[in-house]
Amino acid sequence: MLINYKTYLIFLFGSLAVSIGLQMLLPWPYGLIAALAIFIVFPLFLRNRALKRMGGLGTDAGTGGGGGFFGQGQGVRYICLACNNRFKGGICPRCGSKMKRADF
Ligand SMILES: [Zn+2]
């Protein structure tokens, strides 16, 4: 579900073509082993790439315009204007004041 289905198909057919090529280039047992290795390694490679892309998106969201959304996911922290207490939620738990500003 992380991997784009179309990309996966392209890679699948690509590795199929490469494996057929390997059958022609290498003698029988080595060609088969190499082809199997590609079929095992390619999905792993794709998954790693997808995970790296997810990580990249995460850092982009942290620095870019999506920072607000990313911050909400972690829970927005506020600083009380009355007593400078840092807290989460609507009301300061120390003094009960609703006067607050968001802490980034
Ligand atoms: Zn307070």
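Reader: What makes the reach of α1 close to the expected one?
Author: Helix α1 has 21 residues, and its first and last C-alpha atoms are 30 Å apart. The expected span of a helix is 1.5 Å times one less than its number of residues. For α1 that expectation is 30 Å, close to what the model shows. A word on the source: this is a predicted model, where local features need pLDDT of at least 70 and side-chain atom pairs count only at pLDDT 80 or more, while totals for chains, interfaces and linings use all residues. Residues are numbered from 1 along each chain as its sequence is written.

Reader: Why is α1 said to lie largely in the open?
Author: Because the number of buried residues among the 21 of α1 is zero. A residue is buried if 20 or more other C-beta atoms, placed from the backbone, lie within 10 Å of its own; it is exposed if 12 or fewer do, and partly exposed in between. Buried residues make up 2% of the 104 residues in the protein chain.

Reader: Why is Y8 called partly exposed?
Author: Y8, a residue of helix α1, has 14 other C-beta atoms within 10 Å. That count falls between the two cut-offs, so Y8 is partly exposed. The C-alpha atoms of Y8 and P43 are separated by 8.2 Å, although these residues are 35 apart along the chain.

Reader: What class does L32 belong to, buried or partly exposed?
Author: L32 lies in helix α2 (residues 28–63) and has 14 C-beta neighbours inside 10 Å, so it counts as partly exposed. From L32 to L22 the C-alpha distance is 7.8 Å, with their positions ten residues apart in sequence taken as the separation.

Reader: How many helices and strands are there in the protein chain?
Author: There are three helices and three strands. Both are DSSP runs, numbered from the N terminus: a helix is H or I over at least four residues, a strand is E over at least two. Along the sequence the pattern reads α-α-α-β-β-β.

Reader: How do you know that β1 and β2 pair?
Author: Two strands pair if DSSP finds at least two bridges between them. Strands β1 and β2 have three bridges, in the antiparallel sense, so they meet that cut-off. R77 stands opposite K88 in β2, and the bridge partner of Y78 in β2 is F87.

Reader: What about β1 and β3?
Author: Here there are four bridges, again antiparallel. In β3, R77 has D103 as its bridge partner.

Reader: Why is one side of β2 and of β3 left without a neighbour in the sheet?
Author: The three strands form an open, antiparallel sheet in the order β2-β1-β3. Strands β2 and β3 (100–103) stand at its edges with a single partner strand each, so one side of each has no neighbour in the sheet. With direction ignored, neighbouring strands of this sheet are turned by 40 degrees against each other on average.

Reader: What makes N84 an exposed residue?
Author: N84 has 10 other C-beta atoms within 10 Å. The limit for exposed is 12 or fewer, so N84 is exposed. N84 lies in the loop between β1 (77–80) and β2 (86–88). These strands form a hairpin with five residues between them, and N84 in the turn has a positive phi of about 65 degrees.

Reader: How does N85 score, exposed or partly exposed?
Author: N85 lies in the loop between β1 and β2 too, but has 15 C-beta neighbours inside 10 Å, so it counts as partly exposed. Beyond its neighbours within four places in sequence, N85 is in contact (C-beta atoms, placed from the backbone, within 7 Å) with C80, C92 and R94.

Reader: Which elements have the lowest and the highest mean pLDDT?
Author: pLDDT is the predictor's confidence in each residue, from 0 to 100. Helix α3 (residues 67–74) has the lowest mean, 48, and β1 the highest, 93. The protein chain averages 76, and 77% of the residues score at least 70. Over residues 58–73 pLDDT stays under 50. Where pLDDT is low, the predicted coordinates should not be read in detail.

Terms used
Axes fitted to C-alpha atoms, helices over the stretch in contact; angles between N-to-C directions. Contact = placed C-beta atoms within 7 Å.
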